[in-house]
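Visitor: Please pick one part of this model and take a close look at it. I would like to know how it is built and what lies around it.

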Amino acid sequence: PADGMVFDQKGNLYLGALTENGVCRYSALGRLDTLITDDRIRWADTFTHGQNDAIYFTTSQIHLPPEARVSYKIFELIYPAPDEESIEAAQYPEDI
C-alpha cells in the first residue's frame, strides 16, 4: 500500500512504502526500488521537492492510535540518480 507520492521531472514516481516504514521509487524505466526504510518513518506522506533534488515528506502516523504517536516529523531524503545501478547512496532522512 502507498499514500503520499510525487513525480520528478524525469518521470520517476516517489511514494511511501507504508508496510516497510520507507520510501520507494518507481522509475520511468519501470523499476521499483525501496530507497530507504527506517522505524522513524511512520506512514510517509505529503511528498514535495526541495533543493538539490531532495525529497521532503512528513510522517503522518495516521495508522497509529494517539497514544502511540510521537512528535510530528518532516524528513529530507537525498536520493541517488535514477540511472544508478545501486541505491546504496540513499541517505537516511534527517529531521528538519
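Guide: Two strands pair if DSSP finds at least two bridges between them, and strands (E) are DSSP runs of at least two residues, numbered from the N terminus. The model is predicted, so local features need pLDDT of at least 70 and side-chain atom pairs pLDDT 80 or more, while totals for chains, interfaces and linings use all residues. Residues are numbered from 1 along each chain as its sequence is written, and side-chain values use heavy atoms, without hydrogens and water.

The part chosen is the hairpin formed by E5 and E6, which has four residues between its strands. E5 covers 44–49 and E6 covers 54–59. The two strands run antiparallel and are joined by four bridges. Within this pairing, Thr48 faces Tyr56 of E6. In the turn, Asn52 has a positive phi of about 55°. Most residues other than glycine have a negative phi.

The hairpin also carries an aromatic pair. Rings of Phe, Tyr and Trp (its six-membered ring) pair if their centres lie within 6.5 Å; planes under 30 degrees apart count as stacked, over 60 as edge-to-face and the rest as tilted. Two aromatic pairs are counted by this rule. The ring centres of Phe47 and Phe57 are 5.4 Å apart and the planes are at 20°, so this pair is stacked. Phe47 belongs to strand E5 and Phe57 to strand E6, ten residues apart, and their pair links distant parts of the chain. Together with Phe75, Phe47 and Phe57 form one aromatic cluster. Both Phe47 and Phe57 are buried (under 20% relative accessible area with a 1.4 Å probe, protein chains only; exposed is over 50%, partly exposed in between).

Phe47, Phe57 and Phe75 are also among the twelve residues of the largest nonpolar core, a set of buried Ala, Val, Leu, Ile, Met, Phe, Trp, Tyr and Cys residues joined through side-chain atoms within 4.5 Å. Other members include Ala44, Ile55, Val23 and Ile41. At least two core residues come from each of E4 (32–37), E5, E6 and E7. One member, Val23, is in contact (heavy atoms within 4.5 Å) with Ala44, Phe47 and Phe57, among others, leaving out residues up to four places away in sequence.

Ile41 lies ahead of the hairpin, in the loop between E4 and E5. With a relative accessible area of 0%, Ile41 is buried. The C-alpha of Ile41 is 8.9 Å from that of Glu20, although 21 residues separate the two in sequence.

On the other side of the hairpin, Gln61 sits in the loop between E6 and strand E7 (73–78). Gln61 is buried because its relative accessibility is 2%. Like Asn52 in the turn, Gln61 has a positive phi, here about 60°, without being a glycine. Beyond neighbours within four places in sequence, the contacts of Gln61 are Arg42, Trp43, Arg69, Val70, Ser71 and Tyr72.
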